Amino acid sequence: MSNKIQETKFGEESNSSTGPVNMRCRGSDPITIGDALEISALTAGNKPIEQSDAAAIRAAEIRASGYTQIAGVAAAAELAAEENGQTEHVEDKIKLGDLLKDASSMLEEDKAVTMEDAEGVSGAEVENNPDRITYPGGVSASMHSAAKINQDPQSNPIVNE
């Protein structure tokens, strides 16, 4: 049985063209916050970074290390969201995939994702989204799927299909 990850909010589908993402093989190490951020690069890689994404990434970085880094992944996300807000054409905007593909290496510390971590990241994303929702296949969805797998390795959460 594959370990596909796909989780959508309110029945929406992700616009990712990568298809299902296998987060890990059964019996392997727990999925870390950095890993979950990198999964977001695959499942929502073409999404321009918005303020809600930057807030979710900051929350993830703080949960991974207990603090935010001056030049870390969260700072880069906030700068990207600011630049994207001033960029007219979608194709010129900085995307989640551009920023998060090497997220693990951008974190000074990392840890296994817990459901508490996922809820904190979701809260930050929702609070900073004018529509008060999370993006299907985005940072919050990847964190939730990782937490579910870490909590129950036999689970098969669906994040992006």
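Contact here means heavy atoms within 4.5 Å. Helices (H or I, at least four residues) are DSSP runs, numbered from the N terminus. The model is predicted: local features need pLDDT of at least 70, side-chain atom pairs count only at pLDDT 80 or more, and totals for chains, interfaces and linings use all residues. Residues are numbered from 1 along each chain as its sequence is written, and side-chain values use heavy atoms, with hydrogens and water left out.

**View 1. Helix α2 and its cover.** Helix α2 covers residues 51-65. Of its 15 residues, 11 are buried (under 20% relative accessible area, 1.4 Å probe, protein chains only), so α2 is largely enclosed by the rest of the structure. Among the buried residues are Ser 52, Asp 53, Ile 57, Glu 61 and Ser 65. Their cover includes α1 (33-43), α3, α4, α6 (115-127) and α7 (139-151).

**View 2. The span and end of α2.** The expected span of a helix is 1.5 Å times one less than its number of residues. For α2 that gives 21 Å, and its end C-alpha atoms are 21 Å apart, which agrees. Gly 66, just after α2, takes a positive phi of about 90°.

**View 3. The largest nonpolar core.** A nonpolar core is a set of buried Ala, Val, Leu, Ile, Met, Phe, Trp, Tyr and Cys residues joined through side-chain atoms within 4.5 Å. The largest one has 33 residues. Ile 33, Leu 37, Ile 57, Leu 100, Val 139 and Met 143 have the most contacts inside it. Helices α1, α2, α3, α4, α6 and α7 each give two or more residues to this core. Its largest share, 7 residues, comes from α2.

**View 4. Helix α7 and Met 143.** Helix α7 is mostly covered, with 11 of its 13 residues buried. Polar residues are on that list too, including Ser 140, His 144 and Asn 150. The end C-alpha atoms of α7 are 18 Å apart, in agreement with the expected 18 Å. Not counting residues up to four places away in sequence, Met 143 touches Ile 33, Ala 36, Val 113, Asp 117, Ala 118 and Val 121.

**View 5. Lys 95, buried in a loop.** Lys 95 is found in the loop between α3 (73-85) and α4 (96-100). Lys 95 is buried yet has no salt bridge (a side-chain nitrogen of Lys or Arg within 4 Å of a carboxyl oxygen of Asp or Glu). The nearest side chain of opposite charge, Asp 98, is 5.5 Å away. Instead, the Lys 95 side chain reaches the backbone oxygen of Val 90 at 2.9 Å. Beyond four places in sequence, Lys 95 touches Gly 45, Asn 46, Lys 47, Pro 48, Ile 49 and Val 90.

How values were computed
Buried < 20%, exposed > 50% of the residue type's maximum accessible area, 1.4 Å probe, protein only. Lys, Arg positive; Asp, Glu negative; His and termini not counted. Polar contact = N/O pair within 3.5 Å; in protein donor to acceptor, adjacent residues only side chain to side chain.
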